[in-house]
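Dear colleague,

I am passing on the structure we spoke of, and below it you will find my notes on what turned up in it.

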Amino acid sequence: MVELLPYHKHNVGISALAATIMYTGVLVDTNRFRNRTGSRTFEAVSVLRKYGADLVKVEDMLRDEYEDFELKNKVLSGSEQFNQGYIIASYKEGDLSRTLMSQVADEILEVRNVEASFVVSFVREDTIAISARSKGDLNVQRVMELMGGGGHFTGAATQIVGLTINEVVEMLKKSINQVKEEVE
């Protein structure tokens, strides 16, 4: 959007609040400039700063409420290491939002020597979802495709109806092993 502004026939201005919100969107979309980021990304956020994007407000918008912080820690406490470098966090105490699941999957990748993360939880009474992330060694898109889902190489998801968390985790482990075998 920012790249299009100079080409508009009218002088288009962006308020400081709009620039702050757009900057926040870029941070979320790029996982704080770690994914899908290039020189154009940095040029765009530089323009947003010129329009008054407030980085203090950006950080405040990205902070968790205490309840979400507590829930993320509960999910993380149910983590297990699978093979070398893969973490599976299964949450059996209730439904999670897909947003929270993806945030936890991203956080797990911050751990040293973790190559891929999978968060497994109910999202509705009869539906289990998996949020999968990878640093690039494991094609999580392929793993999720084997389980009926999709996405892209480093971020993917699926949902499964009618199984237990334990059954889905076992399916996930088999899918991970199958993708690893396909590469070898």
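A salt bridge here is a side-chain nitrogen of Lys or Arg within 4 Å of a carboxyl oxygen of Asp or Glu. The model is a predicted one, in which local features need pLDDT of at least 70 and side-chain atom pairs count only at pLDDT 80 or more, while totals for chains, interfaces and linings use all residues. Residues are numbered from 1 along each chain as its sequence is written, and side-chain values use heavy atoms, with hydrogens and water left out.

Nine salt bridges are found in the whole structure. One of them joins Arg-63 to Asp-60, with the closest N and O atoms 3.8 Å apart; Arg-63 is exposed at 56% relative accessibility, and Asp-60 is exposed at 51% (buried means under 20% relative accessible area, exposed over 50%, partly exposed in between, with a 1.4 Å probe and protein chains only).

Asp-106 and Arg-133 also form a salt bridge, at 3.0 Å from N to O. Because Asp-106 lies in helix H5 and Arg-133 in strand S4, this pair ties together parts that are 27 residues apart in sequence (helices, H or I of at least four residues, and strands, E of at least two, are DSSP runs numbered from the N terminus). Arg-133 is buried, at 17% relative accessibility.

Within helix H7, Glu-170 and Lys-173 lie three residues apart, about one turn of the helix, and their salt bridge has its closest N and O atoms 3.7 Å apart. Glu-170 is partly exposed at 42%, whereas Lys-173 is buried at 15%.

Best regards
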